[in-house]
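The exercises that follow are to be worked through with the sequence and the coordinates open side by side. Each one sets a task and then gives a solution in steps.

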Amino acid sequence: KGTNSVNVHANKDVILEKENGSILSQTHSTQTTFEIVCTHNGEADSTCAWAPVTTDERSQTQGTTSAGTDIQGGGKVMVTAGGNIRGKDPEPIDPNDPNSKLFKPGTKVNIHGGQVSLLAGGSIDLNSTQTYTRTQTGSDVRQSLQTERSSLTAQGNVTVFGKQSVQMDATDVTATTGKASVRSEGNVSLGFNTDTEQHNWTTSSTRRSAGGLKKTTTTTEHETQDKTAEVTRITGNQVEVRGQNVTSFGAQFNGTEQVHVEGVDQTLLYDVKEEQTTLADSRTTKSFAGVSYKKSTSTDTTLERQALGTELKSDKAVRVGVGSLTDLRGAVLDAPKVDFVRSEGADTSQPGQLILGASVNTSQTSHTEKTTTAGVWQKQAGHGSTTQTANQTQVHGELSIDESIQTTVQVPVVVSTSGKQPNASAATD
């Protein structure tokens, strides 16, 4: 931290590390619930009564935290390296679990000043860390993976230049009254983090009849999972993103005066997906006098997948370069004036290809069931549906396309199906 300027320099690499921490808390309590017990055949009636059931509830919360790198200056803040500027590489949440699919990106980096510059002779790789928590109370388990965003903020200009490449994931770049510039002579890639909220719990019910001789028990395992995208956001009076190839996954560009995104060769403005899934897996057992005579299982799933396109918005102008290929999939361009021009340095002996494509939303449902009677007779059935909708690239404003650019509007093939699986019955050993 400096009152005026701050200068961090390395002849080779600048590595922006973090300090890891952990969370652990436990609680213990008992809880009494009730289940219905009926002594008469059939549905609940006057012969039914509430029977108390006492459970032992233990709750535990565990997780990880991290303190990132903070650099603050009242004037100019510069981080320069002859080699690379990067955060720590991603690591698995549970390094002892080879099947773990949850990863924490490396380091949260916050750099603030009157003007901010990151300059590297090699590559710049900035990402945002994620904190993980897990809380369990009985069979109720909640897991969370949440992003703590990196940020480069200045009252004036923010300049990010990596000679070889620039990679930024879930990072905010904000030049309040100046220019936000992200450039490379190589590739520029603007990625995202996936935040996850997962909830697992079990419900169980028991019904008795025929004087308690007949018993029906149903146990259902539930799971919900929400995945949301934390995208890269670049904001300024002017916004400039340029490289040999520029790739955006759902990034958001907001420039008061202008937004300019351009790859000398390729400019790829793609979407990113968010998901909500539910799962209910039920098992029912019927028995008489303690002997099971019928078992059934059913599984219900739903999936909602939403596409979020790259956004380029300005109060005055949006400018997109076209080298050999510019591909937009469900992107949103919103400004009084929207121009597609040949990229500076592009091979003008060949026409530039502009593809105005679409992203796709998907909705799925599925139900399957299986019944086994007396251990020898099986019946299986199921049904489900899939519906897809397209999000076409949108241009809001006066559109201008250079005459040397060949433009194609692509409409994806979307699916809408529903069906029922025929019943299947079989005698089994």
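**Exercise 1.** Classify Arg283 as buried, partly exposed or exposed, and then characterise its salt bridge with Glu221.

*Solution.* Begin with the accessibility in this predicted model: Arg283 has a relative accessible area of 35%, and since buried means under 20% and exposed over 50%, Arg283 counts as partly exposed. Next, apply the same reasoning to the partner, Glu221, which at 39% is also partly exposed. Then examine the contact itself, where the closest N and O atoms of Arg283 and Glu221 are 3.7 Å apart, a distance that falls within the 4 Å cut-off for a salt bridge. Finally, place the pair in the chain: Arg283 belongs to strand S23 (residues 272-288) and Glu221 to strand S20, so that distant parts of the chain, 62 residues apart, are linked.

**Exercise 2.** Determine which strands are tied together by the salt bridge between Arg233 and Asp172, and decide how each of these residues is classed by accessibility.

*Solution.* The side chains of Arg233 and Asp172 meet with an N to O distance of 2.9 Å. Because Arg233 lies in strand S21 (residues 233-249) and Asp172 in strand S18 (residues 171-184), the pair ties together parts that are 61 residues apart in sequence. As for accessibility, Arg233 is partly exposed at 31%, whereas Asp172, at 15%, counts as buried.

**Exercise 3.** Describe the salt bridge between Lys273 and Asp271, and then widen the view to the salt-bridge network and to the whole structure.

*Solution.* The side chains of Lys273 and Asp271 form a salt bridge with an N to O distance of 2.7 Å; Lys273 is partly exposed at 36% relative accessibility, while Asp271 is buried at 13%. In addition, Lys179, Arg183, Glu240, Arg242, Glu262 and Glu344 are joined into one network by salt bridges that share partners. Over the whole structure, a search finds 17 salt bridges.

**Exercise 4.** Contrast the surroundings of Ile234, Thr326 and Leu213.

*Solution.* Take the core to begin with: the largest nonpolar core has 46 residues, and Ile234, Val241, Phe253 and Phe340 are those with the most contacts inside it. Beyond four places in sequence, the residues that Ile234 touches include Met168, Leu190, Val241 and Phe253. Now turn to Thr326, which sits in strand S27 (residues 325-329) and is buried, with a relative accessible area of 0%; its contacts beyond four places in sequence are with Thr267, Val320, Gly321, Gln353, Leu354 and Ile355. Leu213, by contrast, is partly exposed at 43% and lies in the loop between strand S19 (187-209) and strand S20 (214-231). Together with Phe288 and Tyr293, Leu213 makes a nonpolar surface patch of about 270 Å².

**Exercise 5.** Summarise the fold and state where the prediction calls for caution.

*Solution.* The protein contains zero helices and 33 strands, and 40% of its 429 residues count as buried. Of the contacts with a separation of 6 or more, 67% are between residues 24 or more positions apart. Confidence comes last: the mean pLDDT is 82, with 76% of residues reaching 70 or more, yet pLDDT stays under 50 over residues 63-67, for which the model has 24 contacts beyond four places in sequence. Residues 97-105 also have a pLDDT below 50, and this stretch has 25 contacts beyond near neighbours in sequence.

How values were computed:
Residues are numbered from 1 along each chain as its sequence is written. This is a predicted model: local features need pLDDT of at least 70, side-chain atom pairs count only at pLDDT 80 or more; totals for chains, interfaces and linings use all residues. Side-chain values use heavy atoms; hydrogens and water are left out. Helices (H or I, at least four residues) and strands (E, at least two) are DSSP runs, numbered from the N terminus. Buried means under 20% relative accessible area, exposed over 50%, partly exposed in between (1.4 Å probe, protein chains only). Contact means heavy atoms within 4.5 Å. pLDDT is the predictor's confidence in each residue, from 0 to 100. Patches are made of residues with over 30% relative accessible area and no salt bridge: like charges are joined within 9 Å, nonpolar side chains (Val, Leu, Ile, Met, Phe, Trp, Tyr) within 5 Å. Accessible areas come from the Shrake-Rupley method with a 1.4 Å probe; for residues, only the protein chains shown count as cover. A nonpolar core is a set of buried Ala, Val, Leu, Ile, Met, Phe, Trp, Tyr and Cys residues joined through side-chain atoms within 4.5 Å.
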